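User: Hello! Could you take a close look at the interior of this protein for me, and walk me through what is enclosed there and what it touches?

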Amino acid sequence: MSENRLKYLDLASGIMIVWLLLYHALYPMVGDNISGKIPFLYFFMPWFFYKSGMMFHLSNSKKLLKKDYSKLIRTFIIWSIIGYVVYLLWHGCKLHDLSLRIALYCPIRSLALGGSIPLNSALWFLPVLFLVRQIANYGISKIHPLWMVLFSLIATAIMLTIKSRFFPFWLSSTCWGLFFFCVGYYLKDMEEKWWLILAATILFIGSYFTAIPSVYSDNSPQWHNFMLWLPACVCACITFNNVCRWLERSIDNVCHGKWFFPIFSYVGRNSMTYYVGHYLIFKLGFDIIATHKAEWYASWQGLCIVIGCYAVILTSISIFLTRQNR
């Protein structure tokens, strides 16, 4: 992969991570339906699967399993343990509620159905991406990537059809995550074709008038409306990547090779650290604010405090880990 490609993906990843951090921090002010009220980057989670597919290369199953375990599952276990310890301390010391239900039943149920523990819910992405990569590696080695796209699309439709309260969230996420992953793998060398850019941009803009209002509404969307979200997100990913590619090339040329987006680039290069640690800070930060300064909970003051904690804590951790890995 060329340096140029890595640089624009760093920019894109940084933008998406910054939005992800802000997205969760906006919960108290905006509510759960943030993508319906602020829909500009509604495709941020599909984009991470799409990007992973773009960067994927077929590998020996055992080597890939070992590599992904070290990068994804090991990280998931470490941060889940950290989250669980904080969860127990918070409920025991602050809320004075450490019953068997709180200590064991709730975390186990959350892990089984959601793919993560309560205080660090965003970690679901790591085991799901792990599964997606193993399935894709096996499937693409046997059949054409387009057949894998079709297979994952059908699986997603089935999951949405039989979805129930006790249906694992991580299982349906694996299906649609596999779809975006395989699409990214198939389109990675085609994204700069003019006809694809034109078609994707037109459909992406049109999605704001069709798919997005259908999916991100106050009511639970019907599965056929949600299926519109899949191609809409693909078009959005293609358009977004080309915008970032154009920004990287044009601004970088004007600045004579000096990178113009140091913050986004840095966050993009350290996206894993920012991702795995942010939700714990978000939940704990707003719980503390609600306890000690309730009037700041759903206000700009609370939002700024949490964003400040993101910047200080996560950047410090990423700097420490970068130095440790040298």
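Analyst: Happy to! Of the 326 residues in the protein, 48% are buried, and please keep in mind that this is a predicted model.

Let me set the scene before going inside. The protein has 15 helices and zero strands, so the interior can be described helix by helix, given that helices and strands are the DSSP runs counted here. The radius of gyration is 20 Å, which agrees with the value near 20 Å that a compact globule of 326 residues would have. Along the principal axes, the C-alpha atoms fill a box of roughly 60 × 50 × 45 Å. Among contacts with a separation of 6 or more, 80% join residues that are 24 or more positions apart.

A good place to start is helix H4, which spans residues 44–54. Eleven of its eleven residues are buried, so H4 is largely enclosed by the rest of the structure. The buried residues of H4 include the aromatic names Phe44, Trp47, Phe48, Phe49 and Tyr50. Met45, Pro46, Ser52, Gly53 and Met54 are also on the buried list, and so is Lys51, a residue of the kind counted as positive. On the subject of charge, the protein has 27 positive and 13 negative side chains, and the centres of these two sets lie 8 Å apart.

Next comes His278, which sits in helix H14 (residues 271–292). His278 counts as buried because its relative accessibility is 0%, and the cut-off for buried is under 20%. Leaving out residues up to four places away in sequence, His278 touches Leu20, Leu21, His24, Ala122, Tyr310 and Leu314. One of these partners, Ala122, is 156 residues away along the chain, yet the two C-alpha atoms are separated by 8.4 Å.

Gln134 gives another view of the interior, this time from helix H7 (residues 125–142). With 17% relative accessibility, Gln134 also counts as buried. Beyond its neighbours within four places in sequence, Gln134 is in contact with Ser61, Leu64, Leu65 and Asp68.

For a contrast, turn to Phe264 in helix H13 (residues 262–269). Phe264 counts as partly exposed, because its relative accessibility is 29%. Phe264 still has partners from elsewhere in the chain: Asp10, Leu11, Gly14, Ile15 and Val18, not counting residues up to four places away in sequence. Phe264 and Met16 are 248 residues apart in sequence, while their C-alpha atoms are 9.0 Å apart in space.

You may also wonder about the cysteines. A search of the whole structure finds zero disulfides. Cys175 is buried, at 12% relative accessibility, but its sulfur is 11 Å from the closest cysteine sulfur, in Cys182, which is too far for a bond. Cys309 is partly exposed, with a relative accessible area of 30%. The sulfur of Cys309 has its closest cysteine sulfur in Cys304, and the 11 Å between them is too far for a bond; a disulfide would need the two sulfurs within 2.5 Å.

Finally, stepping back outside, the accessible surface of the protein comes to about 16900 Å², and carbon and sulfur atoms account for 68% of that area.

How values were computed: Residues are numbered from 1 along each chain as its sequence is written. This is a predicted model: local features need pLDDT of at least 70, side-chain atom pairs count only at pLDDT 80 or more; totals for chains, interfaces and linings use all residues. Side-chain values use heavy atoms; hydrogens and water are left out. Helices (H or I, at least four residues) and strands (E, at least two) are DSSP runs, numbered from the N terminus. The radius of gyration is taken over C-alpha atoms; the globule rule is 2.2 Å times the number of residues to the power 0.38. Buried means under 20% relative accessible area, exposed over 50%, partly exposed in between (1.4 Å probe, protein chains only). Contact means heavy atoms within 4.5 Å. Accessible areas come from the Shrake-Rupley method with a 1.4 Å probe; for residues, only the protein chains shown count as cover. The place of a charge is taken as NZ of Lys, CZ of Arg, CG of Asp or CD of Glu.
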